[in-house]
Amino acid sequence: MGKYLDPRYDLTFKAVFEHPDLIISFLNALLPFKDGEVITEVEYLPVELVPESPFKKFTVVDVRCKDQRGRQFLVEMQMYWTDEFKQRVLFNASNAYVKQADQSIDYKALQPVYSLNIVNGNGFKGDEYFHQFQLAEKGNPDRIIEGIELVFVELKKFKPQSVAEHTMKRLWLRFLTEINEKTQEVPQELLDNPEISKAMTIIERAAYTDAQINAYEKYWDIVSTEITLINGHYRKGKEDGRKEGAMEKNIENARKMKECGVDINIISAVTGLSSDEIEKL
């Protein structure tokens with residue numbers, strides 16, 4: 001086995017980002033802050049318990065913290081994209097925003113909530129790996145109601161050699177995409193950076209107990225099984241959809257030929273429908 005564990009694993013991901021200097025570096029690198037908006041300090045907030053299966057973490061946020069301004073940050077590592085994921089992210093961010101209020105609510109005191117979601121699978125069409133969502137006026141995206149901001153980063157689409165990235169953004173994404181238990185030699189660019197070098201030390205296999213290593217291996221077994229099942233359901237759905245679409249097309253063609261007076265036997269030969277099915281059209 002290799003020297004390092006995969007940083008995308010739930011335990012290692014949290015172990016890295018439970019360090020204030022690393023989560024500050026990560027958030028400042030990945031979130032599209034304007035000048036003067038960078039995070040300088042954080043306070044960790046409670047997160048929900050982690051369930052047994054990584055695909056059942058429907059309400060779990062890996063890291064939750066707030067900065068010196070009171071802005072909240074929800075960070076999640078998601079191993080596989082599902083249809084419900086975007087809605088779950090929106091729910092969690094909205095829930096965090098609403099929970100700021102008390103009985104004597106002061107809307108002006110509400111601070112923004114940023115949800116940063118690192119996704120191992122593909123969720124959006126196109127080649128772009130970075131997606132930012134805000135509440136904006138339709139047809140006039142410059143008019144924004146601030147409060148909730150959602151960011152999705154699709155790791156599989158990230159290619160460091162093809163984009164001119166902010167250095168820390170590139171380094172953190174290389175850390176998440178290139179380092180795993182098969183890593184034999186760490187790129188020098190990663191080792192030369194103090195934050196990434198510290199993160200590398202945190203995910204060294206030697207830092208974990210036998211029980212944690214066993215849980216790590218079980219985690220990836222579960223991930224592999226779940227991905228296989230999800231892909232199987234997806235392929236079956238596409239096949240069923242194609243079959244259903246072909247049948248509807250045959251029925252429509254049969255109906256048109258019947259209206260034009262084409263012999264039923266010919267219609268049956270062309271569409272594959274039985275004579276009884278054609279008669280009922």
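Asn117 stands opposite Phe152, a residue of strand β6. Asn117 belongs to strand β4, which covers residues 113-119 and is joined by seven bridges to β6, residues 140-154. These two strands run parallel. The model described here is predicted, and its chain contains nine helices and six strands.

**The sheet**

- Six strands make up an open sheet, and their order across it is β1-β2-β3-β4-β6-β5.
- The pairing within this sheet is mixed: β4 and β6 run parallel, whereas β5 and β6 run antiparallel.
- The edges of the sheet are formed by β1 (42-44) and β5 (130-137). Each of these strands has a single partner strand, so one side of each lacks a neighbour in the sheet.
- On average, neighbouring strands of the sheet are turned by 25 degrees against each other, with direction ignored.
- In a regular strand, the side chains alternate between the two faces of the sheet.

**The hairpin of β5 and β6**

- Strands β5 and β6 are joined by seven bridges.
- Within this pairing, Leu135 stands opposite Ile145 in β6.
- Two residues lie between the strands of the hairpin, where Gly139 adopts a positive phi near 85 degrees.

**Helix α2 against the sheet**

- Helix α2, formed by residues 20-30, lies across β1, β2 (63-67), β3 (72-78), β4, β5 and β6.
- The helix runs at about 115 degrees to β1.

**Helix α2 against helix α4**

- Helix α2 also packs against helix α4 (residues 167-178), at an angle of about 115 degrees and with the two axes 8 Å apart.
- The two helices are therefore roughly perpendicular to each other.
- Their crossing is left-handed.
- On the α2 side, the residues that take part are Leu22, Ser25, Phe26, Ala29 and Leu30.
- On the α4 side, they meet Met168, Lys169, Trp172, Leu173 and Leu176.

**The chain as a whole**

- The chain has 281 residues, of which 40% are buried.
- Among contacts in the chain with a separation of 6 or more, 62% are between residues 24 or more positions apart.
- The chain exposes about 16,500 Å², and carbon and sulfur atoms supply 51% of this area.

Definitions and conventions:
Residues numbered from 1 in each chain as written. Predicted model: local features only at pLDDT ≥ 70, side-chain atom pairs only at ≥ 80, totals over all residues. Heavy atoms only, no water. Pairing = 2+ DSSP bridges. Helix = DSSP H or I, 4+ residues; strand = E, 2+ residues; numbered from the N terminus. Axes fitted to C-alpha atoms, helices over the stretch in contact; angles between N-to-C directions. Contact = heavy atoms within 4.5 Å. Buried < 20%, exposed > 50% of the residue type's maximum accessible area, 1.4 Å probe, protein only. Areas by Shrake-Rupley, 256 points an atom, 1.4 Å probe, with all protein chains shown as cover. Parallel < 35°, antiparallel > 145°, perpendicular 65-115°, else oblique. Left-handed = near helix turned anticlockwise from the far one by under 90°.
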